[in-house]
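Work through these exercises with the sequence and the structure side by side. Try each task before you read its solution.

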Amino acid sequence: MAERYDCHYCKESLYGKKYVLREENPYCVKCYESLYSNTCEECKKPIGCNSRDLSHKDRHWHEDCFHCFKCSRSLVDKPFSTKDEQLLCTECYSNEYSSKCYECKKTIMPGSRKMEHKGNSWHETCFTCQRCQQPIGTKSFIPKDNNNYCVPCYEKQFAMQCVHCKKPITTGGVTYREQPWHKECFLCTGCKQQLSGQRFTSRDDFAYCLNCFCNLYAKKCASCTTPISGLGGSKYISFEERQWHNDCFNCKKCSVSLVGRGFLTERDDILCPECGKDI
């Protein structure tokens, strides 16, 4: 007597019937489809053994149900995209969701390279320098008046030239006497330190830091002999071609401040009236 060959699940004989092997166990078609068939995302019916099962990200469709949500064209063996779990052919997706090129106004197709800047998009071949018309690609560029320029073209057309080195100033810079300078070129005439960001003054059209200016040109205090800058509103006393810091204008004997008061002189010294009454 021949050995029985039954469905692994319902135990009915499989002789003369179609069956499916799964993990080396035979199943009748009905049991297999009931136990293991995937449900179609479109029609919600099982995808039987005699149907082609098309899958994408753990979702399944009958071959006839695998079509574009918008135009209903079949997507079998064709490129497609998804939006909110809906299948879309490339054309419908592009028309509905793809960016439009800022230059040519045409759709930037999915998968093609695009350039983006401040919320606008371009085809790679449309993102060009306004002056030389060459694609900018991944090179540095400078936007101006809704146009984009490669750095060399921007420098030729717009950038000011530094008075000192004659090279273009592309970022930052300093304006002194209505002339442009690179920050690194705007230096103290005396010590050659950068003046950008610090207080400075000038003499004969030459710029100086305060230290150099004071050391070179400021008068010296008759009392402490250090320079009197007179800059930034600082006050000083002047008498007979001599100058004093306000804090230094004191009686030689009793050290009382003589600012705003009468005083007497004895040779190079200044005295309050009280100390000078015996002169």
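## Exercise 1: Cys40 and its surroundings

Start with the contacts: leaving aside neighbours within four places in sequence, Cys40 touches Lys45, Ile47, His60, Trp61, His62 and Cys65. Keep in mind that this is a predicted model.

**Task.** Find where Cys40 sits, and decide: is Cys40 buried or exposed?

**Solution.**
- Step 1. Locate the residue. Cys40 lies in the loop between α1 (29-36) and β3.
- Step 2. Read its accessibility. The relative accessible area of Cys40 is 1%.
- Step 3. Apply the cut-off. Buried means under 20%, so Cys40 is buried.
- Step 4. Check a distance. Cys40 and Arg52 are twelve residues apart in sequence, and their C-alpha atoms are 11 Å apart in space.

## Exercise 2: The strand that Cys40 touches

**Task.** His60, Trp61 and His62 are among the contacts of Cys40. Which way do the residues of strand β4 point?

**Solution.**
- Step 1. Mark the strand. β4 covers residues 59-62.
- Step 2. Sort the side chains. Arg59 and Trp61 point one way, while His60 and His62 point the other way.
- Step 3. Check burial. All of these residues are buried.
- Step 4. Find the partner strand. β3 (residues 53-56) runs antiparallel to β4, and four bridges join them.
- Step 5. Pick one pair. Leu54 has Trp61 as its bridge partner in β4.

## Exercise 3: Two hairpins

**Task.** Compare the hairpin of β3 and β4 with the hairpin of β1 and β2. Which residue takes a positive phi in each?

**Solution.**
- Step 1. Take β3 and β4. Two residues lie between the strands, and Lys57 has a positive phi near 50 degrees.
- Step 2. Take β1 (residues 19-22) and β2 (residues 25-28). They pair in the antiparallel sense over four bridges.
- Step 3. Name a pair. Tyr19 has Cys28 as its bridge partner in β2.
- Step 4. Look at the turn. This hairpin has two residues between its strands, and Glu23 has a positive phi near 55 degrees.

## Exercise 4: Positive phi in loops

**Task.** Lys44 and Arg267 need a second look. Where is Lys44 found, and what is the place of Arg267?

**Solution.**
- Step 1. Recall the rule. Most residues other than glycine have a negative phi.
- Step 2. Take Lys44. Its phi is positive, about 65 degrees, although Lys44 is not a glycine. Lys44 is found in the loop between α1 and β3.
- Step 3. Take Arg267. Its phi is positive too, near 55 degrees. Arg267 is in the loop between β21 (264-266) and β22 (269-271).
- Step 4. Classify both. Exposed means over 50%. Lys44 has 55% relative accessible area, so Lys44 is exposed. Arg267 has 75%, so Arg267 is exposed.

## Exercise 5: Asn148 and Phe141

**Task.** These two residues are in contact with each other. How does each one score on accessibility: buried, partly exposed or exposed?

**Solution.**
- Step 1. Place them. Asn148 is in strand β10 (residues 147-150), and Phe141 is in strand β9 (residues 141-144).
- Step 2. Classify Asn148. Its relative accessibility is 10%, so Asn148 counts as buried.
- Step 3. Classify Phe141. Its relative accessible area is 25%, so Phe141 is partly exposed.
- Step 4. Compare contacts beyond four places in sequence. His117, Phe127 and Ile136 are among those of Asn148. Phe141 also touches His117, Phe127 and Ile136.
- Step 5. Add a distance. Phe141 and Tyr154 are 13 residues apart along the chain, with 8.3 Å between their C-alpha atoms.

## Exercise 6: The largest pocket and helix α4

**Task.** Describe the largest pocket. Which residues are closest to its centre?

**Solution.**
- Step 1. Give the volume. The largest pocket holds about 220 Å³ of space.
- Step 2. Name the central residues. Of the 14 lining residues, His164, Trp181, Cys185, Leu187 and Thr189 are the closest to the centre.
- Step 3. Sort the lining. Eight residues are nonpolar, three are polar and three are charged.
- Step 4. Find the strands. β14 (179-181) and β16 (206-209) each supply at least two lining residues.
- Step 5. Follow β16 to helix α4. β16 is included in what covers the buried residues of α4. In α4 (residues 210-217), Cys212, Phe213 and Cys214 are buried.

How values were computed
Residues are numbered from 1 along each chain as its sequence is written. This is a predicted model: local features need pLDDT of at least 70, side-chain atom pairs count only at pLDDT 80 or more; totals for chains, interfaces and linings use all residues. Side-chain values use heavy atoms; hydrogens and water are left out. On a 1 Å grid over the protein atoms alone, a cavity is a set of points where a 1.4 Å probe fits but cannot get out, and a pocket is an open set with protein on both sides within 12 Å along at least five of seven lines; lining residues have an atom within 4 Å of a point. Grid points are joined across faces, edges and corners, and a volume is the space filled by probe spheres set on the points. Ala, Val, Leu, Ile, Met, Phe, Trp, Tyr, Cys and Pro count as nonpolar, Asp, Glu, Lys and Arg as charged, and the others, Gly among them, as polar. Buried means under 20% relative accessible area, exposed over 50%, partly exposed in between (1.4 Å probe, protein chains only). Contact means heavy atoms within 4.5 Å. Two strands pair if DSSP finds at least two bridges between them.
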